Amino acid sequence: MAKLKIVKHGDEILRKVCRPVEQITPRIVTLLDDMIETMRDADGCGLAAPQVGILRRIAVVEVEEGQVIELINPKIIAYAGEQREQEGCLSIPGRWGITKRPMHVTVRALNRHGKVFEVSGSELLARALCHEIDHLDGKLFLDCMIEEVK
Ligand code: ZN
């Protein structure tokens, strides 16, 4: 496994729309492993491929230690409710803001074995899933921030 460099806000790669993964190659599996290591090293609870310079629809989320969710080609298939909580981003160090997000989401994605699965989450997990999937469409939390936290 290798630690990857995290792209910072201002780099236009963060504003690009990522392409779906068509085939899960050993390279994709290595990327997932490296992204998990990078996320943990940076003390983050999520990381999306564009944040390490790769424009593919891949993200990892870990809001509970040891419970990594690997997402390939993720899609939000259901959402409900609303929450306004604080968010930050490994690509935007030193800034936090209150965002408006759904309280519950269900995401459908592929795992590293190419199998379709669904994951549902509320509160922090819902925020993290939305945040990482937004990255795959070139969106940052600043776009849905309703108030900056100083
Ligand atoms: Zn982020």
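This report covers a zinc site, the pairing of strand β3 and two residues with positive phi in a predicted model.

## Zinc site

Three side chains coordinate the zinc ion: C89 through SG, H131 through NE2 and H135 through NE2, at 2.0 to 2.3 Å. Along the chain these donors follow the spacing C-x41-H-x3-H.

Both histidines belong to helix α2, where H131 and H135 are 4 residues apart, about one turn of the helix. H131 and H135 are both buried, so each has under 20% relative accessible area. Helix α2 itself covers residues 123-136.

## Pairing of strand β3

Strand β3 spans residues 69-80. β3 pairs with strand β2 (residues 58-61) in the antiparallel sense, over 4 bridges. In this pairing V60 stands opposite E70 of β3.

β3 is also joined to strand β6 (residues 104-110), again antiparallel, by 6 bridges. Here K75 stands opposite R108 of β6. In a regular strand, side chains alternate between the two faces of the sheet.

## Residues with positive phi

Which residue of β3 has a positive phi without being a glycine? It is N73, with phi near 50 degrees, and N73 is found in strand β3. The relative accessible area of N73 is 22%; N73 therefore counts as partly exposed, because the buried class requires a value under 20% and the exposed class one over 50%.

E123 is another residue other than glycine with a positive phi, at about 50 degrees. E123 is found in helix α2, the helix that also holds the zinc donors H131 and H135.

Terms used
Residues are numbered from 1 along each chain as its sequence is written. This is a predicted model: local features need pLDDT of at least 70, side-chain atom pairs count only at pLDDT 80 or more; totals for chains, interfaces and linings use all residues. Side-chain values use heavy atoms; hydrogens and water are left out. Helices (H or I, at least four residues) and strands (E, at least two) are DSSP runs, numbered from the N terminus. Buried means under 20% relative accessible area, exposed over 50%, partly exposed in between (1.4 Å probe, protein chains only). Two strands pair if DSSP finds at least two bridges between them. Donors are N, O and S atoms within 2.8 Å of the metal (3.2 Å for Na, K and Ca); water is not among the atoms, so sites may look incomplete.
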